[in-house]
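Student: Please take a close look at the interior of this structure and explain how its side chains are packed. I am new to it, so a connected account would be helpful.

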Amino acid sequence: MSLTVAALDIGGTAIKAGIIRGGKLIRQEEIPTDAKKGGEAVMRKAEEILSSMGEFDRIGISTAGQVDSLGGFMRFANDNIPGYTGMQVRQRMEDKFSVPVAVENDVNSAALGEAHFGAGKGEKDFLCLTYGTGIGGGIIANGRLYTGSSFSAGEVGHIVTHPGGLPCTCGGCGCYECYGSVTALVREAVKVDPALSDGRAIFKEIHRPEVQALVDAWADEIVWGLVTLTHTLNPSMIILGGGIMQQESLVRLLEKKLYDRIMPSYRHVKLKAAELGNTAGLFGAAALALEKDHLGPIEA
Ligand SMILES: [Zn+2]
């Protein structure tokens, strides 16, 4: 019999909640986070929405911020959710609902969701990268999430692709996401035509040679990062997330450019668009909740 998991995805603007059973999302709700009211208020909202979800066997939580997934608490959250740092999310939810709880950050959760329920099904060593305002990444190694020595692996947006280049939000400069994110594409596109102010507008005008040239140059930037990652991690697949990657022609262009620049023995790597969209975090949180060894004292 398959277990029923209540999954939460706590973001800066919305808390999504879902019930996942037998690999299917059978119920979904969404409420505003009201992040500015602080971590305590966010936790109360999370409890409220979980209480309304009926019966479940486990809870999986995907959340913004840096998570200690072994301890189940927030290592760091920025001022988007004041007072969230240090929050003992798992302990609190286990005390309240008396079921095992798993907690993981949102980027890693999305990778796990794609791993178990989406584009990565059946793959054991792959990357799940998301292109948007910045570039986020999750690394799945030998079928498991690789989190590094302090839960911070996969910050691929801050690989340096342009030494001495543009200043980045991380405090460094020349980072991958300053050149390969959708924000970077738009920054260059509006110089050509102010109407090209988002990814959708750009791909609508892709028949124009100057727009094609923009996208081609941006694809090169994306591929510089992929070359480094492919040679470092030797993945069988790279899953590309973010709305813009739903353009099949873009994914094929990236794959072609990547193959031209990596060593022949790496060329079995496939590029594939993410499949779960904005439900990936819910699915990933559920996957973690179903993995016993990520759970706390209740399972020990
Ligand atoms: Zn950076």
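Tutor: The account below begins with the largest nonpolar core and then turns to its surroundings. The structure is a predicted model, in which local features require pLDDT of at least 70 and side-chain atom pairs count only at pLDDT 80 or more, while totals for chains, interfaces and linings use all residues. Residues are numbered from 1 along each chain as its sequence is written, and side-chain values use heavy atoms, with hydrogens and water left out.

A nonpolar core is a set of buried Ala, Val, Leu, Ile, Met, Phe, Trp, Tyr and Cys residues joined through side-chain atoms within 4.5 Å. Buried means under 20% relative accessible area, exposed means over 50%, and partly exposed lies in between, with a 1.4 Å probe and protein chains only. The largest core has 37 residues, and the members that touch the most others are Y131, I202, L226, M245 and L254. Two or more residues each come from β8 (126-131), β9 (135-141), α5 (182-192), α6 (199-204), α7 (209-233), β11 (237-241), α8 (248-261) and β12 (270-273). Helices (H or I, at least four residues) and strands (E, at least two) are DSSP runs, numbered from the N terminus. With 10 residues, α7 gives the most to this core.

L254 shows the packing at the level of one residue. Its contacts (heavy atoms within 4.5 Å) are A219, I222, V223, L240, M245 and L271, when neighbours within four places in sequence are left aside. Another core, of 28 residues, lies apart from the one just described and includes I15, A17, M53 and I81.

Aromatic rings add further detail. Rings of Phe, Tyr and Trp (its six-membered ring) pair if their centres lie within 6.5 Å; planes under 30 degrees apart count as stacked, over 60 as edge-to-face and the rest as tilted. The structure holds three such pairs. One of them joins F117 and F283; with centres 5.1 Å apart and 45° between the planes, this pair is tilted. F117 belongs to helix α3 (residues 106-117) and F283 to helix α9 (residues 280-290), so that the pair links parts of the chain 166 residues apart. F283 counts as buried because its relative accessibility is 7%. Another pair is that of Y131 and Y176, which is edge-to-face because the planes stand at 90°, with the ring centres 6.4 Å apart. Y131 lies in strand β8, whereas Y176 lies in the loop between β10 (144-145) and α4 (177-180); the pair therefore ties together parts 45 residues apart in sequence. Y131 and Y176 are both buried.

The division of the chain into domains gives a wider view. The bounds come from an automatic or database domain assignment, with domain 1 covering 4-105 + 286-294 and domain 2 covering 119-275. Their C-alpha centres lie 28 Å apart, and the contact between them takes 10 residues from domain 1 and six residues from domain 2.

V5 is found in strand β1 (residues 4-10). This residue is buried, because its relative accessible area is 1%. Not counting residues up to four places away in sequence, V5 touches G18, I19, I20, F56, R58, I59, G60, A286, A289 and L290. The C-alpha atoms of V5 and L282 are separated by 9.9 Å, although the two residues are 277 residues apart along the chain.

F56, one of the residues that V5 touches, sits in the loop between α1 (39-51) and β4 (58-63). Its relative accessible area is 13%, so F56 is buried. Beyond four places in sequence, F56 is in contact with T4, V5, A6, I19, L50, F97 and V99. From F56 to I19 the C-alpha separation is 8.0 Å, with their positions 37 residues apart along the chain.

K16, in strand β2 (residues 14-21), is also a buried residue, because its relative accessibility is 14%. Apart from neighbours within four places in sequence, K16 is in contact with A7, L8, D9, Q28, E29, E30, N278 and L282.

Finally, the cysteines deserve mention. A disulfide is a pair of cysteine sulfur atoms within 2.5 Å, and a search of the whole structure finds zero of them. C173 is in no disulfide, and the nearest cysteine sulfur, that of C175, is 7.4 Å away. At 36% relative accessibility, C173 counts as partly exposed.
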